[in-house]
Amino acid sequence: MGIKKTLGIIALFLVLAVIVNSAIIAIFVSEKDNSHNVELNRVKHLVSEYEKENSVAAEDLSALISFAKTEGKKFEFDYVLSLEHSELSDTSKFVNSESGNDEKAVSYFTTEKNIYRVVSERADDRSVKKMRTTLFVTANSLIFIAAVICLFMHFYYQKRILKPLQKMVDIPAEIAKGNLVKELPEVKGKYFGNFNWGMNMLRDNLEETRAKNLQLERDKKVLLMSLSHDIKTPLNAISLYSKAISKGLYSGDKVISSAENIQTKVFEIEDYMKRIVNASNEDIIEFEVHREDVYLKDIFDRIEDYYRDKMNLRKVDFEIGKYSNKLLNVDSERLIEVIQNLIENALKYGDGHRIWIEFEEYHHGKTGSTESEASDKNRSSFGSGYIMIKINNTGCTLEKRELANIFESFYRGTNTGKQEGSGLGLYICRRLMHLMDGEIFADIIDGNVMSVTLEL
């Protein structure tokens, strides 16, 4: 594969060189310079004057130039190289002695007694040839340099990017299939070093998660077996007491005692059920937050950059209200995750007409809503108060009685319809807000607007 690409690059630049050189030749072939013919006409004129003045033939070119200077004429020849003469009786030897070629021209002209032979250099063979040579050298040099650079970049990226990429191209698919044994090869380059580190870290996390899930499955089976065994004992006792009472085997105080024993066993079963409920309510996901001081504007600049084009494409009226640039002590990435989760819910379960974000700032000592009063102990504020961020959307079809449950794990409201989901989104939002000493609650306004409030 690499050799074919290399040969392809070389062939490409060879074709380019041929095209450029052909274009240069075509340009200069079409442009002929006949300046030397002008000088030939000057020679003829000077020769005529020379013969009239001196009654003899002009001996050579230097004699002709000297004559021109004495006459006050400044004739300098750039192309005429030599001048010879002979009497008319000897014309044959001049006419047949030489002929012109691509670089020099041999021409003849006659006067009354003499014939002159003039050798001149063609004008286009001096300036044009020099220019053409310069263009040839420059163009081919540039093509050669470009070819060298392209080959260097090809070999560099082949070694630094393509080869490491080929080694790791199958790893994501293997990880997706559950093959967590194969590690990414270590790469020291700056391009894939962090990627490999991140992928190996992901593989390790997935492997650790899988191990935890297996352990949870084992624990669940052990718990079910244990509880089934433990519950079986009081159930058997209840069954025996109830059969004895129904068959009239007990009477008087014995019936009362049996009823009390049945009640005790019921309490035992209720205790087991509480253990099951408590186990099911334990946190199912572990979260980490790394709090730092961050300005509110930094958070919502990123939110706006992410959603502005997306909302325009969907033709959703998206608006972020005015706010003061408050300093918060939160995990910026986690807070953005919460806000994005709520906006995605608004897109998924709203009518897609309007989504807007409002801000309310409160100072210590002022009373907010009932829900906010309940969460005073969880507030974390800088300066003189705290801030409430409200994500609102139109088209809410959720029933108000369901608001108490929407932040529970695996709960899905009646408005979800056929929309896919795990029922963990709002649960995760609440867990993250609590870890950042914040609060989250929801309300339905005017029966049509869903409003979820973040309190920090």
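1. How much accessible surface does the protein have, and what percentage of it belongs to carbon and sulfur atoms? The accessible surface comes to about 28,900 Å², and 54% of this area belongs to carbon and sulfur atoms. Please keep in mind while reading these points that the model is predicted.

2. As a general orientation, the secondary structure of the protein comes to twelve helices and ten strands. Of the 456 residues in the protein, 32% are buried. If one takes the contacts with a separation of 6 or more, residues 24 or more positions apart account for 69% of them.

3. The largest nonpolar core has 47 residues, and those with the most contacts inside it are F300, L335 and L454. Helix α10, which runs over residues 332-349, gives the most to this core, with eight residues. Apart from this core lies another one, of 18 residues, and among them are V47, Y50, A68 and Y116.

4. F300 deserves a point of its own. This residue is buried, because its relative accessible area is 1%, and the cut-off for a buried residue is under 20%. Leaving aside neighbours within four places in sequence, F300 is in contact with I320, Y323, I339, I357, F359 and I389. Two residues of that list return in an aromatic cluster, which is formed by F300, Y323 and F359.

5. The aromatic pairs should be read with their geometry in mind. A pair of aromatic rings is described by the distance of the centres and the angle of the planes. In this model the count comes to eight aromatic pairs. In one of them, the rings of F300 and Y323 have their centres 5.8 Å apart and their planes at 45°, so the pair is tilted; the reasoning is that planes under 30 degrees apart would count as stacked and those over 60 as edge-to-face. F300 lies in helix α9 (residues 296-314), whereas Y323 lies in the loop between β5 (317-320) and β6 (327-330), so the pair ties together parts that are 23 residues apart in sequence. As for exposure, Y323 counts as partly exposed, because its relative accessibility is 26%.

6. A second pair is made by Y362 and Y386, and is it stacked or tilted? The ring centres of Y362 and Y386 are 5.4 Å apart and the planes stand at 20°, so this pair is stacked. The pair links distant parts of the chain, since Y362 belongs to strand β7 (residues 354-363) and Y386 to strand β8 (residues 385-394), 24 residues apart. Both Y362 and Y386 are buried.

7. Another residue to look at in strand β8 is T394. T394 counts as buried, because its relative accessibility is 14%. The side chains of T394 and D351 are joined by a polar contact of 2.7 Å. Not counting residues up to four places away in sequence, T394 touches G350, D351, H353, R354, W356, N448 and V449. Two residues of that list also meet each other, for the charged end of R354 sits over the ring of W356, 3.9 Å from its centre.

8. L347 is found in helix α10. With a relative accessible area of 10%, L347 is buried. Leaving aside neighbours within four places in sequence, L347 is in contact with Y307, K310, M311, R314, V316 and I355. The C-alpha atoms of L347 and G395 are separated by 9.9 Å, although these residues are 48 residues apart along the chain.

9. Finally, two backbone angles should be checked by eye in the structure. Phi of K315 is near 60°, which is a positive value in a residue other than glycine, and K315 lies in the loop between α9 and β5. Phi of D446 is near 55°, again a positive value in a residue other than glycine, and D446 lies in the loop between β9 (439-445) and β10 (449-455). Are these residues buried or exposed? K315 is exposed, with a relative accessible area of 75%, and D446 is exposed as well, with a relative accessible area of 75%.

Definitions and conventions: Residues numbered from 1 in each chain as written. Predicted model: local features only at pLDDT ≥ 70, side-chain atom pairs only at ≥ 80, totals over all residues. Heavy atoms only, no water. Phe/Tyr/Trp six-rings, centres within 6.5 Å; stacked < 30°, edge-to-face > 60°. Helix = DSSP H or I, 4+ residues; strand = E, 2+ residues; numbered from the N terminus. Buried < 20%, exposed > 50% of the residue type's maximum accessible area, 1.4 Å probe, protein only. Lys NZ or Arg CZ within 6 Å of the ring centre and 35° of its normal. Polar contact = N/O pair within 3.5 Å; in protein donor to acceptor, adjacent residues only side chain to side chain. Contact = heavy atoms within 4.5 Å. Core = buried A, V, L, I, M, F, W, Y, C linked by side-chain atoms within 4.5 Å. Areas by Shrake-Rupley, 256 points an atom, 1.4 Å probe, with all protein chains shown as cover.
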